Amino acid sequence: MTKQISTGAGHDRFVGSALSRVDGPAKVTGLAKYAGEFSAENLAHGYVVSSTIAKGRITGIDTSAAEAVPGVLKVLTHQNRPSIAGEAKAYQDMVAPPGSPFRPLYDETVVFSGQPVALVVAEDFETARHAASLVSLTYEEETPHTDIAAQMSESYDPPTKRGGIKPPPKPWGDAGGAFDGAAIKVKQRYRIAHEHHNPMEPQASTVVVEDDGTYTVYDKIQGVANTQLYLTNAFGLKPDQVRCLSPYMGGGFGNALRPQYQLFLAMLAAQDLNRSVRVVLTRDQMWSFTYRPGAIQTVALGADAKGTLQAIRHDAVHGTSTFEDYQENVVNWAGTLYACDNVELTYRLAKLDTATPGDMRAPGAVTGLFALETAMDELAYATGIDPIQLRLANYTETDPVEDKPFGSKALKSCFAQGAERFGWSKRDPVPRSMRDGKELVGWGMACGIWEALMMPSSARATLSADGRLEVGNSTADIGTGTYTILTQIAADALGLPLDHVTTKLGDTNLAEAPIAGGSWTAASSGTAVMKACRKVAEEVFKLARGMDGSPLANADFERVVFARGRVELAGEPSRGVALVDVLKAAGKDKIEATESASPDKDFKKKFEAYTHSAVFAEVKIDEELGIVRVTRIVSAVAAGKILNTKTARSQIMGAVVMGIGSALHEESMLDQRLGRFMNRNLGEYHVPAHADVHDIDVIFVEEEDKANPLGVKGVGEIGIVGTAAAIANAIHHATGKRIRDLPITVDKILA
Amino acid sequence: MLSESGSAGADARIGITLTINSERRELQVAPWTTLLDLLRERLDLTGTKKGCDHGQCGACTVLVDGTRINSCLALAVMKDGAEITTVEGLAGLAQKHGTNTLHPIQEAFVEHDAFQCGYCTPGQLCSSVGLMNEGHAKTRDEIREAMSGNLCRCGAYTNIVDAIEEVMHQGAAR
């Protein structure tokens, strides 16, 4: 089907198909095990006691009542904990932002509400939970500052930039002057709420103490290498003393990029008691660490009467903790997405007395594109130009920020195919002009953009004498379909049936690979697996050619194919050898190769790599009740080659659902006096449910990209970017109300 | 090793009999043990998931005498004598009706890619079977309404409804 995957070996038989997930049977039978489900002999259970204040210090802890409960093994606090690493640096994980990471049970200081202040360890879960309720603490409380609006005046440009996050580019042209002189101006303030990831599986770690004194750690993490690094640094262990596994993960979305405090506490207790320990957080405690920081943004767009942009200004401020400078790319997108001669983008942080925010699905882009793409819709109305035409009028084939062409950018196809599927041409642009019975109907659209990333990764491939192939590395399948796509790539590379290929992931004993995040896993691990398989194929070929009377005696590698479990001369399938016979003749029980893959430096020098989308939304609104239903979404995505049309479609659909949540439902509300999130449960923090989700139509447009040999760009994030803006724009079209403050709840519709 | 009898901290143990996935079990359980924790912590039936422990997410949905319930909201002692089916027993449920290795709803979930991370999946599956047993939901909107107690953060809803609709129209086994 494509030349890109062709390794000079296999055919594209499975890559690009709609294969069902290879881990499907394990997941529908309950056999897939998650971090908090691994057992061990003599397993003890830990339950976390959380602080009830946001800022101050602990003045007293009374653990006597808890310790008196039969079955309680230990109550760990900062007062009696074993010695741990003192330097904050030792707690810096692979993706920690600049700053001084939180150290659980380190001392009496409280820096956010819900901070772990004790761990009760007991023979069973119920006893630990009960005893935890008996731990009593006294505090000296200080006034917390958690209101971003109030902290705006104290906002700052982070002095140390976070690795991998580009700071805003230097301004070009004269955005202020051009805006002032523009014929048509839009300048508005936009807000999004704090959001919590809320994966269905709460954070969990099981630390198993092995007979030889080493540890086997099952952790909810998007990359076990990070768990291992964290534990070895914080506890002074060597890598070979800590094997970390995460074979399945019950949802990540960024929430499990960094090791969380339950891991630290489980290891602390396991060492202290010399017993295996499991710690699982409650749903309530899922509000006590990372979140998508709410932001206050201003977008100013100046244009001429034809809609040509003359000035773009995008300023954003979002919160971070008092101890780390979490950073994401909120404003740079405006400079990359549109051609404009006068651009100024600024980005600042405000310190809040909360846990450190973190990456949540398309971090920064969700925030920034909501503001930018709503502003573009406002500009469309101000100029009287159709929203798609306005975007086409400002289309760019090069990235103005880097002054380099895009490796590929099929956004125009997204507009065309998305509009066609949605029926955009039938839209009457006048607000309140479309109805369905008593409901107002609104149609809106927006663009999405995300970086197409690749990280250095390695992978191992092992072909056994029985003709079975095992591939894998330490990255995680967080529900994205990594097991499946790697199986497809490997099966094609060596021409094997799918049931002869096994993919193993999420184990530090496997080849090293990066954390699963940023939509880079398919490109990174996919390329590494492909290269490892190619290496095995070359070895097989060499052995086959050397066999007595080999039918491939004079062939070269570029002229053979791997198919049907054989290596054959291209076009002459009869001239070939079965892989099992090759290994048998060579007297080998296996052929193994470990290969690394890195981003193509030449490509990066010449091109910029992004995925793009055009999102179309239909809403129906009962005006009397103010209830919004998102009845239709069409998401047209340009993301390079699609390895598996079934799982990739699911990625986009799922991201669209999270975008619906962002637009209409999700808001972690702070009680600013207490500095505490109030709605810490799934009843009061509404994530989209079945009844909130109607038709979602996903289109993958053709796009050929050469950033990596597979031609993939990644699909984990792009589906959410722009979705909230498309919905907000549809709500404006339906009601005539421009709501610039997410989530768009009933009260805002009725106001 | 902790015995099946449950908490070391609770004095009282109550003897109950449950039939779990067609297997009759006599158990001594502490009164504060939920059906969910009994399944996961004592019986190693970890297919049933804990997502919120508050009856708000549906990940713990099991079938009790054919009716779907949130097992986190039921104390195990309340279900004395009941017949319980968890995700591990769904295939067996179908086999009784003469089908193959998986329950049709399990097969449909795989075919329609009705899950991603898989953590809500056991609850969605048991809830789907419960919904079909109830027989009220007929249309896609009714399925959506009646499945709204089962959250899926990966957002596989459209595919879940496709899977349920297909099995429902086949009039598949319960």
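**Exercise 1.** Which residue just after α7(A) takes a positive phi? Describe the helix before it.

*Solution.* The model is predicted: local features need pLDDT of at least 70, side-chain atom pairs count only at pLDDT 80 or more, and totals for chains, interfaces and linings use all residues. Residues are numbered from 1 along each chain as its sequence is written, with chains lettered from A and ligands numbered from 1 in the order in which they are written.

Step 1. Asn274(A), just after α7(A), has a positive phi of about 50°.

Step 2. Helices are DSSP runs of H or I with at least four residues, strands are runs of E with at least two, and both are numbered from the N terminus. Helix α7 of chain A (residues 261-273) has 13 residues and reaches 18 Å from its first C-alpha to its last, close to the 18 Å expected at 1.5 Å a residue; the expected span is 1.5 Å times one less than the number of residues.

Step 3. A residue is buried if 20 or more other C-beta atoms, placed from the backbone, lie within 10 Å of its own, exposed if 12 or fewer, and partly exposed in between. In α7(A), 10 of the 13 residues are buried, so the helix is largely enclosed by the rest of the structure. Among them are Tyr261(A), Phe264(A) and Met267(A).

**Exercise 2.** Which elements do the buried residues of α3(A) pack against?

*Solution.* Step 1. Seven of the eight residues of α3(A) are buried, so this helix is largely enclosed by the rest of the structure. They include Phe125(A), Glu126(A) and His130(A).

Step 2. Contact requires C-beta atoms, placed from the backbone, within 7 Å. The buried residues of α3(A) pack against β1 (44-50), α2 (64-67), β3 (72-77) and β5 (116-122) of chain A, together with α1 (35-42) of chain B.

Step 3. Six of the six residues of β3(A) are buried, so that strand is largely enclosed too. β3(A) runs antiparallel to β5(A), joined by five bridges; strands pair if DSSP finds at least two bridges between them. Lys74(A) has Val121(A) in β5(A) as its bridge partner.

**Exercise 3.** How many residues of chain A are in contact with chain B, and which helix supplies the largest share?

*Solution.* Step 1. In chain A, 56 residues are in contact with 53 residues of chain B.

Step 2. α1 (24-28), α3 (125-132) and α16 (645-665) of chain A each supply at least two residues of the side that touches chain B. The largest share, eight residues, comes from α16(A).

Technical notes
Two residues are in contact if their C-beta atoms, placed from the backbone, lie within 7 Å.
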